[in-house]
Amino acid sequence: MKKTIFHIFTIALFFTVFSCTTYIKTIHTESVSGSENITRKLVFQDGALDVNFYGDYIFDKVDKNFIFFTNKDISSILGNLKEKPSSQILFTYTKSSIYNNMLGFYYTGKTLADVKKNFFIQTPEKEMDNGLLYTYEYKGYYVMEFYRQEEKGIVRFISINNSAKQSVDKFRLENNNVFFDINSQLWNEL
């Protein structure tokens, strides 16, 4: 009987520990001055990356009225890559709730070759020397994932669209502007 109670307690504790992961949280990012947009320094285990955002992106508070995904959704989306992230380095959204809910993760010791081998989609939509872009639908959301190779790992940006409030075309335009226009310095074209 004691073993049965111990096993039930252990299983309950296991589910409690692993189901309490929250991806909807503020993550400290340093502001970088000298840009016409908001530039944030995303810090990860092996370095940092300066990324530009438009002025309506929010980093320092969470307003769940503008967040349209759940922790379970993000866990599922993260599972599209058979690698586990080392850390979360970004959470941001816009108050209009029509453009982006965006997250960033860092994978220590991983490469773009690992992503291509372990992502559920075999062929990226766009491939750069130091980056990959994948797009797909998930439970009525449109998702864009950007991967950037760093010296000792990869950075993964996940941008999620509230399809009920904004067309996919506008969402794609917003993300292409953010990632390829105001952050063109992040990518080397093939």
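Let me begin with a term: a residue is called buried here when its relative accessible area is under 20%. This is a predicted model, and with that in mind I will go through its ring pairs, one helix and one sheet.

In the sense just given, both Phe146 and Phe179 are buried. A search of the whole structure finds 19 aromatic pairs, and the rings of Phe146 and Phe179 make one that is stacked, because their planes stand at 20 degrees, with the centres 3.8 Å apart. What parts of the chain does this pair link? It links distant ones, since Phe146 belongs to strand β9, residues 141-150, while Phe179 belongs to helix α4, residues 168-181, and the two are 33 residues apart.

A second pair can be set beside it, that of Phe53 and Tyr57, whose ring centres are 5.6 Å apart and whose planes make 50 degrees, so this pair counts as tilted; Phe53 is buried, and Tyr57 is buried too. There is also a cluster, in which ring pairs link Phe119, Phe120, Tyr134, Tyr136 and Tyr147.

Let me return to helix α4. Its 14 residues, taken at 1.5 Å a residue, should span 20 Å, and the C-alpha atoms at its ends are 18 Å apart, which agrees. Which residues of α4 are buried? They are Phe171, Arg172, Glu174, Asn175, Val178, Phe179 and Phe180, so that the list holds charged side chains as well as the phenylalanines. The ring of Phe180 has the charged end of Lys126 sitting over it, 4.3 Å from the ring centre.Now to the sheet, which is open and consists of 3 strands in the order β1-β2-β3, with antiparallel pairing. Its edge strands are β1, residues 30-32, and β3, each of which pairs on one side only, and neighbouring strands are turned by 35 degrees against each other on average, with direction ignored.

Taking the pairings in turn, β1 and β2 are joined in the antiparallel sense over 3 bridges, and Val32 has Thr39 in β2 as its bridge partner. Over how many bridges do β2 and β3 pair? Strand β2, residues 38-44, and strand β3, residues 47-53, pair over 7 bridges, again in the antiparallel sense, and Leu42 stands opposite Leu49 in β3. These two strands, β2 and β3, form a hairpin with 2 residues between them.

Methods
Residues are numbered from 1 along each chain as its sequence is written. This is a predicted model: local features need pLDDT of at least 70, side-chain atom pairs count only at pLDDT 80 or more; totals for chains, interfaces and linings use all residues. Side-chain values use heavy atoms; hydrogens and water are left out. Two strands pair if DSSP finds at least two bridges between them. Helices (H or I, at least four residues) and strands (E, at least two) are DSSP runs, numbered from the N terminus. Rings of Phe, Tyr and Trp (its six-membered ring) pair if their centres lie within 6.5 Å; planes under 30 degrees apart count as stacked, over 60 as edge-to-face and the rest as tilted. Buried means under 20% relative accessible area, exposed over 50%, partly exposed in between (1.4 Å probe, protein chains only). A charge sits over a ring if NZ of Lys or CZ of Arg is within 6 Å of the ring centre and within 35 degrees of the ring normal. The expected span of a helix is 1.5 Å times one less than its number of residues. Axes are lines fitted to C-alpha atoms, for helices over the stretch in contact, and angles run from 0 to 180 degrees between N-to-C directions.
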